[in-house]
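Open the model in a viewer and follow the stops below in order. Each one names a selection and then says what is there.

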Amino acid sequence: MIQIKQLIFKYIRRDIDGNEAGSETVLDGINLQINEGEFVAILGRNGSGKSTFAKQLNAILRPSDGRVLVDGLDSNDDDNKYKIRRKAGMVFQNPDNQMVASVVCEDVAFGPENLGFKPDEIKDKVDNALRAVHMWNQSDVATGRLSGGQKQRVAIAGVLAMEPDYIILDEPTAMLDPEGRKEVIETVIRLNKEKNMTVVLITHNIEEAINADRVIVIENGRVCADDKPDKIFMDKELIDKNGITVPFEYRVWREISGGRKATVKNIEQLADKIADIAGDRVEHAGCRTELARHRVQTVAEPYSDNKCTGTHNISVDDEPLLVLKDVSYVYNPNTAYEKTAVKDISAAFKRGEFVGIAGHTGSGKSTLIQLFNGLLSPTNGCVMYEGKDINSKETSKKYVRSKIGMVFQYPEHQMVKDTVYGDVIFGPGNLNLDKAECEKRAKASLSMVGIPEEMWDKSPLQLSGGQKRRVAIAGVLAMKPDFIILDEPAAGLDAEGKREIFDWLRKTCVDDNIGIILVSHSMEDIAEYTDRMIVLNDGGLIYDDIPATVFSHSEELRKMGLDVPCAVRLMNELSLRGFPGCPDIVKEKDAIDKIRMWTGLGGNEND
Amino acid sequence: MIRDITIGQYYPAKSPVHRLDPRVKLLGTLVFVISLFIEKNVLIYGIATIVLIVLIALSRVPFSYMLKGLKPIMFLLIFTCAMNLFFVRGEHLIWHWHFISIYTESVSRALFLGVRLTELILGSALMTYTTTPTELTDGLEKAFSPLAKLHLPIHEVALMMSITLRFIPILTEELDRIMKAQSARCVDFDEGGIIKRIKKMSTLLMPLFSSALKRAGDLALAMEARCYQAGQARTKLHPLKYRKSDMAAYCLIFVYLSVIIYIKYIY
């Protein structure tokens, strides 16, 4: 049992001479008890104090005031430090940064080695731990060769090898792809259910909290809710206040149920519940046959004359500006490490289009976008911009790169100057423009992305994740690009930050007629925001069409390790339950409207 | 470009050389290097070359892969050989043109130097190709463990080495990504004179350092969370243990050394 009593924690700021210059209260009077065998999820927006709280549970940080007791051991007592760490193991966010050794089994052995066990005992512990995370057959693999999800499972094994009673995970999936996320969360659930391990999972991905016994919401260093997931997810006020997105199932249920309570842990359950209430209604109105008649599956319209996207029309240039012709890219050609990353891809992009590129890790997405602006030159085929081959000697790489802007996954990598303003003006400064024009552009783009003037002199590294991302985008915008390519722009942002970035991108795409090419693992984001999507698998282009058509191939997508958006899955489940098929619905809002139409229930209307 | 460097990387294979205890390989490499510097003698070099070829064959590391490791220092190799060839004076002039004169002595000197450097690099590369970084640091730690009695932090230094080796590929990959991210913002790293290029490189350092520092901080936390305490006695999953083959290898090293000394002083 972990008891937290009146926990207060302050970070103390010091000036250059080491004198106290002030303090910041991060945790402000937390009272909690975590019981054995529980699966507790802790939610809260970025900066709410949830990570600091996690570090209190295994004596990495210690209370400024109040007490943390792990099985009765007080973390303020120095003698208890290592006893507590052994009881309560911790897994961190970045899988690369917590591995000590270069080989899996040696990394897992690090903990028991520190505790002074004999080689035979260590070997047993390592084997058991690796078995528990289903990585036993990879015990001798080099850690560098593992996928993100596997690395994180090794990190979990590294904690398990110390045979703890509690395992604390601090956003363990934040840097993983969907496949890795699933692996890690399944492992955690299994440990909880089969080994009766107490799990404390800190996350801002709400889908991961759905299987918890208990959800705790932390806001400004205080516990503002502590309840069963169902209760928390139906509390609209609480959710909105904390910038949390509720899982899709609960979001939809809240909108259509008119306040009825229900447990909807997955899409099937939700579909059953909807069928129930619709059944009541429909039976009542005597139009069940009407619904049944609609059961005919309609086929989505092809791209050429689409009506289903319901977004703006791409009208401006009929000629596509950026064209890929049979492009291939091979890494390390003619060596033992030869690897074809991109195979014979042809595609064309227009200004004002919002295109999504999907594919699982290793499908060639990152390589493909690097071909767009000449960061890589294709092994075969050519990339044309404004009708010219961008890799020919006559074309200026600078010009191409200023017109086809790219925002990378880690905005820090792109920052070249020590102030926000200096960084944004850097791009135009490279383009031989006069000073006044550079300044004008920098100021305009910073205000476009909504960075207030008082932040312009700050260091980009001081900004929050969302702000950094916006500064990176401003740096690209200042070069007046025709296209902006973004690689996972929402990675590491909380729900609110994510929504802001996407809404803004959508607006820029329409208002300023800029082509947006979005690389993302999230099918939800692609379904919500794009007009067209490209699916890659093993370096080849599989689909290039409107999202509705692509998502109608849900079986094929699943074979490639890709999901379809929840809205599509829900509509498919509903059609299995006798509702008419709606292949044109890919967005959540459209799905809710449709269901409301069927059930006749509104959001706040009480039945 | 940066990722092409293969020297110092482990080449996984199952071979008698891979299986040897790292301490044996360390001593073996040391003896081999000494033998190359002991005297310029055709017989010694002949024996060393044969031994090296046999070992490379035994190790199952492809010869082409070994040669690829030479590439980054090829320039240095050719440059030193050429300097010796053209500018060393001797007695028997073979060829003369303006200020360049080639003597038989300079030819033999350049040849010796070339062979010595190549074998030196191949010999030490063979050790790193067949020994994992962990084994290597374990071996060094064990070999230097008597010094720990003098309160030198041998274990800590060994751990630092192995962590450094682990992070080299991660940081080179990151550098590659940072370079690309900045190229996308119209920084042209291939343009301008040397000073201009170095200046441009400086923009890479800020993100690289800030990331390296963050990683170091994260790793320190993760190590602490797994009960690491500097200075405490630790145990090992795979403690180094000598096998019969290691003893046999020590004998062979001794034989090799004796032969070399015999040739130098008695033969």
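Start in chain A of this predicted model by selecting strands β1, β2, β4 and β5, which form an open sheet of 4 strands. Reading across, the order is β2-β1-β4-β5, and the pairing is antiparallel. The edges are β2 (20-34) and β5 (73-74) of chain A, each of which pairs on one side only. Now keep just β1 (residues 2-14) and β4 (residues 65-70) of chain A: 5 bridges hold this antiparallel pair. To check the register, show A:Q3, which lies opposite A:L69 in β4(A).

**The domains of chain A**

Colour chain A by its domain assignment: domain 1 is 2-243, domain 2 is 247-309 + 564-607, and domain 3 is 310-545. Taken over C-alpha atoms, the centres of domain 1 and domain 3 of chain A are 35 Å apart. Where these two domains meet, 9 residues of domain 1 of chain A contact 9 residues of domain 3 of chain A. The domain 1 side of that contact comprises 2 nonpolar, 4 polar and 3 charged residues.

**The six-stranded sheet**

Next select β13, β16, β17, β18, β19 and β20 of chain A, an open sheet of 6 strands with mixed pairing. Its order is β16-β17-β18-β13-β19-β20. The edge positions belong to β16 (404-407) and β20 (540-545) of chain A; each has a single partner strand, so one side of each lacks a neighbour in the sheet. From one strand to the next, the twist averages 15°.

At the β20(A) edge, β19 (residues 532-537) of chain A runs antiparallel to β20(A), and 5 bridges join them. One residue to label there is A:M533, whose bridge partner in β20(A) is A:D545. Add helix α13 (residues 365-372) of chain A, which packs on the sheet and touches β13, β16, β17, β18 and β19 of chain A. The direction of α13 makes about 155° with that of β17(A).

**Strand β18 of chain A**

Zoom in on β18 (residues 515-519) of chain A. Which residues lie on each of its faces? A:G515, A:I517 and A:V519 are on one side, with A:I516 and A:L518 on the other, and all of them are buried. With 5 of the 5 residues buried, β18(A) is therefore largely enclosed by the rest of the structure.

Show the two partners of this strand in turn. β13 (residues 354-358) of chain A pairs with β18(A) in the parallel sense over 4 bridges, and A:G356 faces A:L518 across that pairing. β17 (residues 483-487) of chain A is also parallel to β18(A), with 5 bridges between them. In that pair, A:I485 has A:I517 as its bridge partner.

**Helix α16 of chain A**

Move to α16(A) and colour its residues by burial. The buried ones are A:V420, A:Y421, A:D423, A:V424, A:I425, A:F426, A:G427 and A:P428. That is 8 of the 10 residues, so α16(A) is largely enclosed by the rest of the structure. To see what the buried residues pack against, display α17 (435-448) and α18 (465-477) of chain A.

**Where chain A touches chain B**

Bring chain B into view. How many residues does the contact take from each chain? It takes 52 from chain A and 40 from chain B. On the chain A side, the elements that each supply at least two residues are α2 (81-87), α3 (104-108), α4 (110-114), α5 (119-132), α14 (397-403), α15 (411-414) and α16 (420-429). By class, the chain A side has 24 nonpolar, 18 polar and 10 charged residues.

**Chain B on its own**

Hide chain A and colour chain B by domain: domain 1 covers 2-145 + 241-265, and domain 2 covers 154-225. Over C-alpha atoms, 31 Å separate the centres of these two domains of chain B. Their contact involves 9 residues from domain 1 of chain B and 10 residues from domain 2 of chain B. On the domain 1 side there are 4 nonpolar, 3 polar and 2 charged residues.

Finish with helices α2 (residues 22-38) and α9 (residues 244-265) of chain B, whose axes come within 10 Å and cross at roughly 10°. α2(B) and α9(B) are therefore roughly parallel to each other. From α2(B), select B:V24, B:L27, B:G28, B:V31, B:S35 and B:I38; they meet residues of α9(B) including B:D246, B:Y250, B:I253, B:L257 and B:K264. The residues of this helix contact are 10 nonpolar, 2 polar and 2 charged.

Technical notes:
Residues are numbered from 1 along each chain as its sequence is written. Chains are lettered from A and ligands numbered from 1 in the order in which they are written. This is a predicted model: local features need pLDDT of at least 70, side-chain atom pairs count only at pLDDT 80 or more; totals for chains, interfaces and linings use all residues. Two residues are in contact if their C-beta atoms, placed from the backbone, lie within 7 Å. Ala, Val, Leu, Ile, Met, Phe, Trp, Tyr, Cys and Pro count as nonpolar, Asp, Glu, Lys and Arg as charged, and the others, Gly among them, as polar. Axes are lines fitted to C-alpha atoms, for helices over the stretch in contact, and angles run from 0 to 180 degrees between N-to-C directions. Angles under 35 degrees count as roughly parallel, over 145 as roughly antiparallel, 65 to 115 as roughly perpendicular and the rest as oblique. Domain bounds come from an automatic or database domain assignment. A residue is buried if 20 or more other C-beta atoms lie within 10 Å of its own, exposed if 12 or fewer, and partly exposed in between; C-beta atoms are placed from the backbone. Two strands pair if DSSP finds at least two bridges between them.
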